[in-house]
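Let's take a walk through this structure together, one region at a time. Please keep the 3D view open as you read.

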Amino acid sequence: MIETLSISNYALIDNIELTFQPGLNIITGETGAGKSIMLGALSMLFGNRADTRVVSDKSKKSVVEGIFDITGYDEIDSLLAANDIDTMGKQLILRREIAPTGRSRSFVNDVPVQLSVLREIAIRLVDLHSQHQNLLLADNDYQRSVIDTMLDDTTVKSDYGMAYEAFRAALKKFQLARRATETSKAEEEYIRYQIELLEQLDLQPGEQEALEQERNLLANVTTVKESLGQVLEMFDGGDTNILGMLRQSEGLIAGAGGLQESEQLARRIESLRIEAADIKDTIDTLDSRLEADPRRLEYVEERLSDIYNTQRKLSAESDTALIAMRQELKERIDSIDNSDERLKQYATKAKLAKKHAMELAERLTEARRKVASRFADKLLESAIPLGMKNLRAEIEITPAELSATGADKVNFLFAFNKSQALMPVKDTASGGEISRLMLSVKALVAEHVQLPSIIFDEVDTGVSGDVAGRMGNLMKEISKRIQVIAITHLPPVASKGDVHFKVFKEDSDTSTNTRVRKLNDEQRVDELALMLSGDAANEAARATARIMLGLK
């Protein structure tokens with residue numbers, strides 16, 4: 001429930017703080033005193049659009065903050081955990097700030113959050129019901145949701161929801177597979193042409209690099225042989241060569257017996273000579289293998305040309321890409337060859353999933369029908385005493401297209417006169433009748449929905465006298481289960497409150513501000529007398545007020 005509401009720098013409100021109580025909290029005040037401003041601030045706190053025009057002092061921000069008691073509401077803890085927000089025991093703090101520049105910020109337990117997160121949490125804390133929300137009573141989706149809150153089988157709706165999602169997922173897979181099959185078959189001829197090119201090429205891993213190296217060698221074989229010949233001459237040709245000088249060096253060092261390191265140096269030179277001889281033999285072998293072969297060079301050039309042309313035709317960046325493409329295209333052809341069978345499998349799965357969803361939709365329809373009759377009886381029991389003695393009601397459930405909510409259209413039908421045919425509420429009810437019906441609906445919903453608080457904004461408009469008293473009694477009954485905050489202009493409703501707040505304006509030298517104060521018993525007598533007669537000092541009105549409040 002709402003424990004505390006603080007509003008600062010919001011329209012005519014410079015700074016107010018209200019501490020609400022369990023039960024029925026009444027808010028009254030003259031027209032224009034600021035009740036609607038308070039409601040606007042609450043709406044903003046619950047995630048509605050922020051308007052910079054409400055920031056009265058442009059030198060500072062506007063702030064609306066609510067502290068809530070969430071004892072027993074585990075769903076809120078789960079939402080906080082899902083959004084990485086720490087809990088604060090059994091309290092929850094929502095805050096909304098509007099800067100003079102227009103920037104809006106939202107906080108939950110002092111943690112900055114997206115507005116959507118604030119709204120998701122707020123709708124689980126408070127049902128804010130104003131006069132314009134009465135239009136919901138004519139909305140078929142709202143009517144269906146009301147019936148669903150009272151289902152005896154609490155799992156049938158969730159079971160259907162999962163089955164419907166499974167059907168949608170299976171249908172999506174089938175549709176994607178069908179589109180892919182249609183696209184692939186349209187491209188099949190070109191895919192087979194690409195495979196034929198790649199099969200003819202029969203490119204092997206690493207082949208292109210090896211051919212390019214061979215081509216470079218064959219194209220320069222004369223120059224290479226000349227270089228190798230010169231190297232061979234240096235190693236073992238003429239009177240002076242590398243091997244000869246190493247042999248001579250080895251003998252000279254070996255003969256220098258006076259040197260302590262001569263033996264070690266001789267071994268090192270010997271190692272150099274052996275390595276040099278090996279290098280010379282390797283070069284000699286390479287030289288003997290190299291021959292100018294124009295036919296081999298022509299083959300290599302043609303082979304590389306085929307590889308390059310195929311890369312260009314198929315927009316491949318490398319020989320590796322060509323080899324990978326060949327495998328991929330073969331897999332696509334295999335997929336096309338098997339696509340009809342696979343498509344049948346997807347279609348079968350989608351049909352089975354739809355069949356299961358429809359079976360559960362029928363169960364959901366049956367569950368709704370059971371509730372509908374009982375709900376209509378309870379609604380009449382609650383609403384007839386509110387001045388609608390000839391009221392008749394019927395909850396019509398007709399087939400609809402399979403959707404996320406089932407396969408039903410729910411329609412509330414009413415007649416307010418004996419000779420009147422049952423019709424949708426928008427075609428038959430007055431504003432006052434809709435208000436009373438909506439209050440009765442809310443009372444029934446409150447018995448089944450876990451919601452900490454409900455706020456009624458002048459839902460008693462258009463009624464008076466004994467009916468107003470009965471509406472007050474109904475709000476009082478609702479408040480035994482959840483906290484109720486009622487903004488009202490009717491004394492019979494106001495008198496039912498467990499706590500009473502008065503909204504009024506107060507002038508200073510420079511401004512007019514909205515104020516709120518909690519009334520004690522005598523102040524409640526004054527307020528009710530004022531509401532009854534327009535004069536708080538009227539003795540008859542004061543006597544009536546005392547009777548209404550149960551005071552001596």
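What follows goes from the sheets to a pocket, then to an aromatic pair and two single residues. Bear in mind that this is a predicted model.

A good place to begin is the open sheet of six strands, whose order is β2-β1-β4-β5-β6-β7 with antiparallel pairing. At its edges you will find β2, spanning 13-19, and β7, spanning 111-113, and each of these pairs on one side only. Going from one strand to the next, the twist averages 15 degrees. As a reminder, the strands of a sheet pair through backbone hydrogen bonds, in either a parallel or an antiparallel way. Inside this sheet, strand β1 (residues 2-10) runs antiparallel to strand β4 (residues 62-69), and six bridges join the two. If you would like one point of register to look at, Ser-8 has Val-63 in β4 as its bridge partner. Against the sheet packs helix α1, made of residues 35-45, which touches β1, β2, β4 and β5 (91-98). The direction of α1 makes about 105 degrees with that of β1.

Helix α1 also leads us to a pocket. Which element gives the most to the lining of the second largest pocket? That is α1, with four residues. The pocket has a volume of about 150 Å³. Its lining includes Glu-30, Thr-31, Gly-32, Ala-33, Gly-34, Lys-35, Ser-36, Ile-37 and Leu-39, and Asp-457 and Glu-458 are also among the lining residues. By character, the lining residues of this second largest pocket divide into three nonpolar, four polar and four charged.

Next, look at strand β3, which covers residues 24-29. How does β3 pair with strand β14 (residues 499-507), in the parallel or the antiparallel sense? The pairing is parallel, over five bridges, and Thr-28 stands opposite Lys-502 in β14. Strand β14 pairs with strand β15 (residues 512-518) as well, this time in the antiparallel sense and over seven bridges. There, Phe-501 stands opposite Lys-518 in β15. To get from β14 to β15, follow the hairpin of four residues that joins them.

Strand β15 is also home to Arg-515. What does Arg-515 touch, leaving aside residues up to four places away in sequence? Its contacts are Asp-14, Asn-15, Ile-16, Lys-502, Val-503, Phe-504 and Glu-506. Although Arg-515 and Ile-13 are 502 residues apart along the chain, their C-alpha atoms are separated by 7.1 Å. Ile-13 belongs to the stretch 13-19 of β2, which we met as an edge strand of the six-stranded sheet.

Now move to another open sheet, this one of three strands in the order β9-β10-β11, again with antiparallel pairing. Why is one side of β9 and of β11 left without a neighbour in the sheet? β9 (392-403) and β11 (423-424) stand at the edges with a single partner strand each, so one side of each has no neighbour there. Nine bridges join β9 to β10, while two bridges join β10 to β11. A hairpin of two residues links β9 to β10, and Ser-403 has Gly-406 in β10 as its bridge partner. On the other pairing, Leu-413 stands opposite Pro-424 in β11. Helix α4 (residues 140-148) packs on this sheet, touching β9 and β10, and its direction makes about 100 degrees with that of β10.

Strand β10 brings us to the aromatic rings. The structure holds seven aromatic pairs, and one of them is formed by Phe-375 and Phe-412. This pair is tilted, with 5.5 Å from centre to centre and 40 degrees between the planes. Phe-375 lies in helix α11 (residues 319-383) and Phe-412 in strand β10 (residues 406-415), so the pair ties together parts that are 37 residues apart in sequence.

Our last stop is Lys-313, in helix α10 (residues 294-313). Not counting residues up to four places away in sequence, Lys-313 touches Tyr-190, Tyr-193 and Leu-197. The C-alpha atoms of Lys-313 and Leu-151 are separated by 65 Å, and these two residues are 162 apart along the chain.

How values were computed: Residues numbered from 1 in each chain as written. Predicted model: local features only at pLDDT ≥ 70, side-chain atom pairs only at ≥ 80, totals over all residues. Heavy atoms only, no water. Pairing = 2+ DSSP bridges. Axes fitted to C-alpha atoms, helices over the stretch in contact; angles between N-to-C directions. Contact = heavy atoms within 4.5 Å. 1 Å grid on protein atoms, 1.4 Å probe; cavity = no way out; pocket = protein on both sides within 12 Å on 5 of 7 lines; lining within 4 Å. Points joined across faces, edges and corners; volume = space filled by probe spheres on them. Nonpolar A, V, L, I, M, F, W, Y, C, P; charged D, E, K, R; others polar. Phe/Tyr/Trp six-rings, centres within 6.5 Å; stacked < 30°, edge-to-face > 60°.
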